[in-house]
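The following exercises are to be worked with the sequence and the coordinates at hand. Each task is followed by a stepwise solution.

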Amino acid sequence: MKKKLAALFLCFLMLLLAGCGSGIKQEDYDALKATSDSLQSEKEMLESEITALQSEHGDLLNENTGLQSENATLQSENTDLQSEKKQLSADLQTKSSELVSVKDKYASYKKKMKPYEEAAKSEANQNDEKATAKSTPEPETSAPETETQPETEPQTEYVEQVWIPNSGSKYHRDSSCSNMKSPTQVSISEAERMGYTPCKRCY
Ligand SMILES: [Zn+2]
């Protein structure tokens, strides 16, 4: 078993040596060297890139912590604003309920005032009617004045005038009755008040 294995290994070694001796040429070696060099430079580039990325990562981590603290302040601000909003909406609710009650009050007040307003309106209309009535009545007031004048004139016209003598107790219709000398003309009522009686000849 061991011999077989050792023989196999020997055979492999011989094959390898044969390959090295005849197979590896200078060109292949140069190509492999160039590949190795380019791989080396690529590795260096990648390493520098890795350090760059690592520093960038550190920056991003710092930025992240900054943003996280900022986020924390914003969140606390947000909770403040939300509580403020809650307070404001509660205020709004009370204000709107107040508004409703004020509206109700105004409606009932308007309801109460309606008859007074209507009364005032009708009064205003009546005043307007009075004002228009007052502007036209001039011919009505002047008409009765002209009517009263002819009534008083006939009364004075129909007062009977009589003649009374300077001496005697009779009044006369005729101024030349009983040979009167310069008799005085007075109204019949005045003559009777002065005690004169009607003359039997001319009355
Ligand atoms: Zn007489």
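**Exercise 1.** Classify Ser-178 as buried, partly exposed or exposed, and describe its setting in this predicted model.

*Solution.* Step 1: count the neighbours. Ser-178 has 14 C-beta neighbours inside 10 Å. Step 2: apply the cut-offs, which are 20 or more for buried and 12 or fewer for exposed. Ser-178 therefore counts as partly exposed. Step 3: locate the residue. Ser-178 belongs to the loop that runs between β2 (170–171) and β3 (184–187). Step 4: inspect the backbone. Its phi is near 60°, a positive value in a residue other than glycine.

**Exercise 2.** Carry out the analysis for Asn-179: what is its phi near, and is the residue buried or exposed?

*Solution.* Step 1: Asn-179 is also placed in the loop between β2 and β3. Step 2: its phi is near 50°, which is positive although the residue is not glycine. Step 3: Asn-179 counts as exposed because 6 C-beta neighbours lie inside 10 Å.

**Exercise 3.** Determine where Cys-199 lies and which residues it touches beyond four places away in sequence.

*Solution.* Step 1: Cys-199 is found in the segment after β4 (197–198). Step 2: its neighbour count is 20 C-beta atoms inside 10 Å, so Cys-199 counts as buried. Step 3: leaving out residues up to four places away in sequence, Cys-199 touches Lys-170, Tyr-171, His-172, Cys-177 and Ser-178. Step 4: take one of these partners, Tyr-171. The C-alpha atoms of Cys-199 and Tyr-171 are 5.7 Å apart, with a separation of 28 residues in sequence.

**Exercise 4.** Identify the residues that make up the largest nonpolar core.

*Solution.* Step 1: the core has 6 residues, among them Cys-199 and Tyr-171. Step 2: the remaining members are Val-162, Trp-163, Ala-191 and Tyr-196. Step 3: set this beside the whole protein, in which 4% of the 203 residues count as buried.

**Exercise 5.** Summarise the fold and state where confidence is lowest and highest.

*Solution.* Step 1: the protein contains 4 helices and 4 strands, in the order α-α-α-β-β-β-α-β along the sequence. Step 2: among contacts with a separation of 6 or more, 53% join residues 24 or more positions apart. Step 3: mean pLDDT is 83, and 74% of the residues reach 70 or more. Step 4: confidence is lowest in helix α3 (residues 138–158), with a mean of 51, and highest in strand β1 (residues 161–164), at 96. Step 5: where pLDDT is low, predicted coordinates should not be read in detail.

Key
Residues are numbered from 1 along each chain as its sequence is written. This is a predicted model: local features need pLDDT of at least 70, side-chain atom pairs count only at pLDDT 80 or more; totals for chains, interfaces and linings use all residues. A nonpolar core is a set of buried Ala, Val, Leu, Ile, Met, Phe, Trp, Tyr and Cys residues joined through C-beta atoms within 7 Å. Two residues are in contact if their C-beta atoms, placed from the backbone, lie within 7 Å. Helices (H or I, at least four residues) and strands (E, at least two) are DSSP runs, numbered from the N terminus. pLDDT is the predictor's confidence in each residue, from 0 to 100.
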